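Biologist: Before I plan anything at the bench, I would like to go through this fold with you piece by piece. Could you take my questions in turn and show how each answer is reached?

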Amino acid sequence: MKKTQVAVLGATGMIGQRFVQLLEDHPYFEIGGMYASERSEGKTLGEVLKVKDFRFKQETLDTKIEVLEPMAIAKRCRAAFSGLPTDVAKDTETALAQEGVAVFSNAASHRMTEDVPLLIPEVNPDHLELVRSQSTFSNGGYIVTNANCSTTGLAVPLQAIHQAFGLRSCFVSTYQAISGAGYPGVPSLDILGNVVPFIKNEEEKMEEEIHKMLGVLKDGRVDLAKFEMIASCARVPVVDGHLESAVLKLEREAPAAEVIKALEAFGPEPQRLKLPTAPVHPIIVRREDNRPQPAADAFAGEPERARGMAVSVGRVRESKGYIKLWLLSHNTLRGGAGGSVLNAELAVAKKLL
Ligand SMILES: NC(=O)c1ccc[n+]([C@@H]2O[C@H](COP(=O)([O-])OP(=O)(O)OC[C@H]3O[C@@H](n4cnc5c(N)ncnc54)[C@H](OP(=O)(O)O)[C@@H]3O)[C@@H](O)[C@H]2O)c1
């Protein structure tokens, strides 16, 4: 199989460098260029390295960062993986799609646009079809987004439960890692030995995006899911991995054991298609009474390429007619670059790339 040339946008940032990690030796894709702002032009990836838990190849570290210019990228690359800030992503991603580039984005700018899929291949693979309605599709260009990092970790187990029992309400509290704030992120004096009970726009994004992802595609549009969703978000002094506590009211009440069964049976489309970055078990249910924990479970998932792509769920229990559980997912892998790479792999499987 001839590899597709792809661009990494925002290659000096946290998400951009996770893209580079996942695209080194990818079976379908090859990095055709790494792009960022004028501030980074001409620097090598090694000079601006932020991801320190992965050993990049020397030739990757020696690659020079280029200034992002849509027309030049379109000449070299069929697809682009975007780790750009929201304000920059909006026009840049549109311009790339107009130039015929398939864009797989982490940014929030296009997530709620009606004809843009907000995609998690385990949750709503059929939503990918929305790209066919985009005005740029006829020349090969389109935009696919993935959700906010805290919504992604929640959406995977929530869909397993929604499909099995129906959801009436979800009340979620998050304990979010500092890498979720980009680089350099939260000042160390604000977060060391501390918890900050506010993340700008995070609760609003969670409450909005989940209904689109768990919605049903009908007549070319997403019919939003209707359950009640209330989120409270906090930043905690953890490097990687968003931990969340969820309290759920189900349409059809079920004991915890039955909920666990539904979570463990959830192994849908990407696993059936054997997509390279799909974890063998998208949800791992822990039986210990002190798991999941960021230090132990952030990188859950196998095979090696899918490290950090599984969502760990634990302490599933009943309480006064509700189901309570904890969940954990890696924010820059499952909730970031890994999600976009999996979306692009699904696009290949569906012959859209
Ligand atoms: N971190 C997470 O857990 C996470 C999870 C899901 C989604 N996201 C989203 O993913 C995106 C990237 O997040 P991040 O955490 O990787 O941010 P980040 O570390 O701040 O990186 C931002 C990147 O964008 C580049 N950039 C900024 N302005 C630019 C411009 N005018 N032209 C070209 N490039 C420009 C930066 O390049 P320079 O170095 O040259 O400035 C840098 O490479 C954001 O939209 C974020 O909301 C993040």
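Biologist: In which order do the six strands of the open sheet lie?

Modeller: This is a predicted model, and in it the open sheet has mixed pairing. Its edge strands are β10 (228-235) and β12, each of which pairs on one side only, and the twist averages 20° from one strand to the next. Read across, the order is β10-β7-β11-β14-β13-β12.

Biologist: Which residue is the bridge partner of His242 in β14?

Modeller: His242 belongs to strand β11, residues 242-250, and this strand pairs with β14 in the antiparallel sense over seven bridges. The bridge partner of His242 in β14 is Ser329.

Biologist: What angle does the direction of helix α7 make with that of β10?

Modeller: Helix α7, residues 202-213, packs on the sheet and touches β7 (167-176), β10 and β11. Compared with the direction of β10, that of α7 makes an angle of about 145°.

Biologist: Do β12 and β13 run parallel or antiparallel, and which residue of β13 is the bridge partner of Ile283?

Modeller: Strand β12 (residues 283-286) is joined by four bridges to strand β13 (residues 311-319), and the two run parallel. Within that pairing, the β13 partner of Ile283 is Val311.

Biologist: Which residue in the hairpin of β13 and β14 takes a positive phi?

Modeller: Six bridges join β13 to strand β14, residues 322-329, and these strands run antiparallel, with Ser319 standing opposite Tyr322 in β14. The hairpin has two residues between the strands. The positive phi, near 50°, belongs to Lys320.

Biologist: How many residues of the contact of α5 with α8 are charged?

Modeller: The axes of helix α5 (residues 149-165) and helix α8 (residues 256-264) come within 9 Å and cross at roughly 115°, in a right-handed crossing. From α5 the contact is made by Pro157, Ala160, Ile161, Ala164 and Phe165, and from α8 by Glu258, Val259, Ala262 and Leu263. These divide into eight nonpolar, no polar and, as to charged residues, one.

Biologist: Which residues of α4 are buried, and what covers them?

Modeller: Helix α4, residues 86-98, reaches 18 Å from its first C-alpha to its last, close to the 18 Å expected, and is followed by Gly100, whose phi is positive, near 95°. Its buried residues are Ala89, Thr92, Glu93, Leu96 and Ala97. What covers them includes β1 (4-9), α3 (70-76), β4 (79-82), β5 (102-105) and β6 (142-145).

Key: Residues numbered from 1 in each chain as written. Predicted model: local features only at pLDDT ≥ 70, side-chain atom pairs only at ≥ 80, totals over all residues. Heavy atoms only, no water. Expected span 1.5 Å × (residues − 1). Buried < 20%, exposed > 50% of the residue type's maximum accessible area, 1.4 Å probe, protein only. Contact = heavy atoms within 4.5 Å. Pairing = 2+ DSSP bridges. Axes fitted to C-alpha atoms, helices over the stretch in contact; angles between N-to-C directions. Left-handed = near helix turned anticlockwise from the far one by under 90°. Nonpolar A, V, L, I, M, F, W, Y, C, P; charged D, E, K, R; others polar.
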